[in-house]
Amino acid sequence: MAGEDVSRNFRALVENADRKFARVRDLPAFGRAQSHYFHKVFKAYMKLWNYQQSYRSKLVESGLNRWEIGEIASRIGQLYFSQYMRTSEARFLLEAYVFYEAILRRRYFEEAQGKDLGARFKELRFYARFLLVSLIVDRKDMVFHLAEKLRLLLDDTKSNFRETNFKEWRLVVQEITRFIKSDTELTYVRPLRYCAMLDSYPASQTYLARFHAKKLFKFRDALLASYHRNEVKYAEVTLDTYRMMQCLEWEPSGSFYQKKPVETKENGFVIDHTLTSGLIDLNLAADMADPSLPPNPRKAILYRPTVSHLLAVLAMICDELSPESVMLIYLSASGGPARENVAQPENSIGSSRISKSKLLARASQEQKSYKSEPHSNGKMMSGDYYEDHLWFGPRGGSGSNNLYPGDLIPFTRKPLFFIIDSDTSRAFKAGFEWRRERRACCHASFTSEAIIREPIYR
C-alpha cells in the first residue's frame, strides 16, 4: 500500500473515531441505556489503533507526529474512564490507567514541547485526566509525580507561549495541590477501600437480613452528591465524594501486577510489559478482572447539582433499581433554617402564612413532644418535615435550592440507605423515622435507614 493511501486511510479513521467520540463525550454518566454507544466508539478506536500499529513506519514517513499517537491513546484512556464512571467496573479504570501510564513512559508529547500550542494543550489535558484516574486508583506516588510534572509543564508553557492566558490551568494546579494537602492531612488507620483480606463480604449477609425478614438485598447502586462553598475538589470530584467512592470500591487482590517479559519493538524502543509500565493492548480487560471479588456498586457522582437535577437523577436510578437491590444515597451539604426571615405573601385563598418565630416555636414544641411521646396521637403530618433543609445552591437564594426531608419521601418506596452529612441531618432522621412508622401501620415495610453524623471533613 502506498504511503499516501496509508495516510489518507489513517486520517479517515481518525475523523470517524472522533465523530463517534463526540457523541458519547457529553452523555450523562448515569443510566443504563447508553451502553451500545460505547461499544461503537470503542470499536472505531480499536480499528484506528490497530491500523497505526500495522503501518507505523509509513505513517511516520508521511509526517505523523508522536504526539498524535499519544492523543489517540489518550482518547482511548478517556473512553475507558468514562465507561468506568458509568458502570464502576474496575477493569475499565485499570485500562485507563494502563493507557495513560504508557503515554507518560513513552513520552509521546515531548517532541512537541515549545513548538505547537495545540499539542501543548493536549498534553496539559492528558496530565489533568491522568491525575484524576490516579487519584481514584489510589496510586498516591503517581499522583505526587503527576502534580509536580503538571506544575513544571505549566511554568514552561507560560514562558514559551507568553501571549496566551493560562489562568484556568493555574486553577487546576491550585486545585490538585489543595486536594493532595487536604487528603494527606487525614491519617488512615487502614485503606478506605474494602480489602478481601480484611473484609469478609459473605459474612456481612447476616446484617442485611434486618432489612427484610425473608429477603436479602444486594447493594448495586449509589448516588453521591456534594454542594459546599469553597469545598476542596479536583475536576468535579470533591473530597467528600472521593472518599465515599473509595469506600465503595473493592481493593483488587494484586494478581494483575504479574510481570511479563521485556521485548524490543520497532524504532528501538524498549518496552517493559507490566501493567504499570507501558503495554498498550486493547485485550487486557479480561486479564484485569479479579474473579475473587464481587462487582463494585454502580455510582452516580453529582458535582454541585441543583435540587431538580438531583431529584431527576434519583428518580431515574430508582426506576431502574431491581426489586432485590438496595441503593445508597450520600448527600453532603450545608443545612438551612426553617424559613427565610422575610415577610411572606398571602396564599391563593387569602390567609397569611405562619411567621418565622411562630414556626420555630411550633417546630421546637413538636420536637419535644416527638422525643417524649412520638406519634402518640397519630396526627403528625409529613408537612412538618418540610422545614429544615439542605442547601444545594448559593446561600440566600430562592427556595428552589433547598432540599427538604419531604422531597425524598416518595423515593422510600424503594429500599434505600441514607447518609446525610450535614448539620441538619437529624431533621432527615426524624422525617424518615416518621415515615417508617406510618408505613408500618400499613401493610408495607419501610426499608430505609439513616446514618446521622456531623461533618468530619471540609
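**Exercise 1. What is the strand order of the open sheet of 3 strands, and is its pairing parallel or antiparallel?**

*Solution.* The model is predicted, so local features need pLDDT of at least 70 and side-chain atom pairs count only at pLDDT 80 or more, whereas totals for chains, interfaces and linings use all residues. Residues are numbered from 1 along each chain as its sequence is written, and side-chain values use heavy atoms, with hydrogens and water left out.

Begin with the elements: helices (H or I, at least four residues) and strands (E, at least two) are DSSP runs numbered from the N terminus, and two strands pair if DSSP finds at least two bridges between them. The order in this open sheet is β10-β11-β12, and the pairing is antiparallel. Because β10 (335-336) and β12 (402-403) each have a single partner strand, they stand at the edges, and one side of each is left without a neighbour in the sheet.

Next, take one pair in detail: strand β11 (residues 389-391) pairs with β12 in the antiparallel sense over 2 bridges, and W391 has N402 in β12 as its bridge partner. In general, the strands of a sheet pair through backbone hydrogen bonds.

**Exercise 2. Locate the salt bridge between R75 and E71, and decide whether each residue is buried or exposed.**

*Solution.* A salt bridge is a side-chain nitrogen of Lys or Arg within 4 Å of a carboxyl oxygen of Asp or Glu, and by this rule the count comes to 20 salt bridges. For R75 and E71 the closest N and O atoms are 3.7 Å apart. Both residues belong to helix α4 (residues 66-87), where they lie 4 residues apart, about one turn of the helix.

For accessibility, buried means under 20% relative accessible area, exposed over 50%, and partly exposed in between (1.4 Å probe, protein chains only). R75, at 17%, therefore counts as buried, and E71, at 14%, counts as buried too.

**Exercise 3. Describe the salt bridges of R105 and R107, together with the exposure of the residues involved.**

*Solution.* R105 meets E101 at 2.4 Å, N to O, and these two residues lie in helix α5 (residues 90-106), 4 residues apart, about one turn of the helix. Here R105 is exposed at 52% relative accessibility, whereas E101 is buried at 0%.

R107 forms its salt bridge with E110, with the closest N and O atoms 3.9 Å apart. R107 is exposed at 54%, while E110 is partly exposed at 33%. Elsewhere, salt bridges that share partners join D18, E71, R75 and K122 into one network.
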